[in-house]
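Reader: I have a structure open and would like to learn how to read it. Could you walk me through it?

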Amino acid sequence: MTELRLSSERRGDCVIVTVGGELDIVTSHRLDEHLTSVRRKQRCVILDLSEVDFMDTSSLAVIVGHWKRLQAAGGVLALAGARYRHTKT
């Protein structure tokens, strides 16, 4: 099983979601569930990807989906610590 670490911490008006490990087809569902839970309570989400070792397009689709939903609701989803190889996709 692919290891995935998720944690959330509220800072001011935002929630920082820290992701570690591998984001792939196996773990993207857990990321989606976690972001859904956070998004229902908070309109400002910072996604810290600095501890992500691997990310595939299924996880990218999850992130983009949440970004679009937050934006439509007047919120913000910002990326932090994303490595070039992940953001290049």
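Author: Happily; we will go through the sheet, then the helices, then a single residue. Keep in mind that this is a predicted model.

Reader: Let's begin with the sheet. How many strands form the sheet, and in what order?

Author: To read a sheet, list its strands in the order they lie side by side. Here 4 strands form an open sheet, ordered β1-β2-β3-β4, with mixed pairing.

Reader: Which strands stand at the edges?

Author: Those are β1 (4-11) and β4 (76-80). Each has a single partner strand, so one side of each is left without a neighbour in the sheet. As for twist, neighbouring strands are turned by 20 degrees against each other on average, direction ignored.

Reader: In what sense do β1 and β2 pair, parallel or antiparallel?

Author: Antiparallel, over 8 bridges. You can find S8 standing opposite V17 of β2. The hairpin of β1 and β2 has 2 residues between the strands, and in this hairpin G12 takes a positive phi near 60 degrees.

Reader: And how do β3 and β4 pair?

Author: Strand β3 (residues 44-55) pairs with β4 in the parallel sense, over 5 bridges. To see one pairing, look at C44, whose bridge partner in β4 is V76.

Reader: Now the helices. Which strands does each helix lie across?

Author: Helix α1 lies across β1, β2 (14-23) and β3, and runs at about 15 degrees to β1. Helix α2 lies across β2, β3 and β4, at about 140 degrees to β4.

Reader: At what angle do α1 and α2 pack?

Author: For a helix pair, look at the angle and the distance between the axes. Helix α1 (residues 28-41) and helix α2 (residues 57-72) pack at about 15 degrees, and their axes are 9 Å apart. Angles under 35 degrees count as roughly parallel, and α1 and α2 are therefore roughly parallel to each other. The crossing of α1 past α2 is right-handed.

Reader: Which residues make the contact?

Author: From α1 come S28, L31, D32, L35, T36 and R39, while α2 brings S58, S59, V62, I63, H66, R69 and L70. By type, the residues of this contact divide into 5 nonpolar, 5 polar and 3 charged.

Reader: Let's zoom in on S28. Is S28 buried or exposed?

Author: Compare its relative accessibility with the cut-off: buried means under 20%. S28, in helix α1, has 9% relative accessibility, so S28 counts as buried. Leaving aside residues up to four places away in sequence, S28 touches S58, S59 and V62.

Notes:
Residues are numbered from 1 along each chain as its sequence is written. This is a predicted model: local features need pLDDT of at least 70, side-chain atom pairs count only at pLDDT 80 or more; totals for chains, interfaces and linings use all residues. Side-chain values use heavy atoms; hydrogens and water are left out. Axes are lines fitted to C-alpha atoms, for helices over the stretch in contact, and angles run from 0 to 180 degrees between N-to-C directions. Angles under 35 degrees count as roughly parallel, over 145 as roughly antiparallel, 65 to 115 as roughly perpendicular and the rest as oblique. A crossing is left-handed if the near helix is turned anticlockwise from the far one by less than a right angle, and right-handed if clockwise. Contact means heavy atoms within 4.5 Å. Ala, Val, Leu, Ile, Met, Phe, Trp, Tyr, Cys and Pro count as nonpolar, Asp, Glu, Lys and Arg as charged, and the others, Gly among them, as polar. Buried means under 20% relative accessible area, exposed over 50%, partly exposed in between (1.4 Å probe, protein chains only). Two strands pair if DSSP finds at least two bridges between them.
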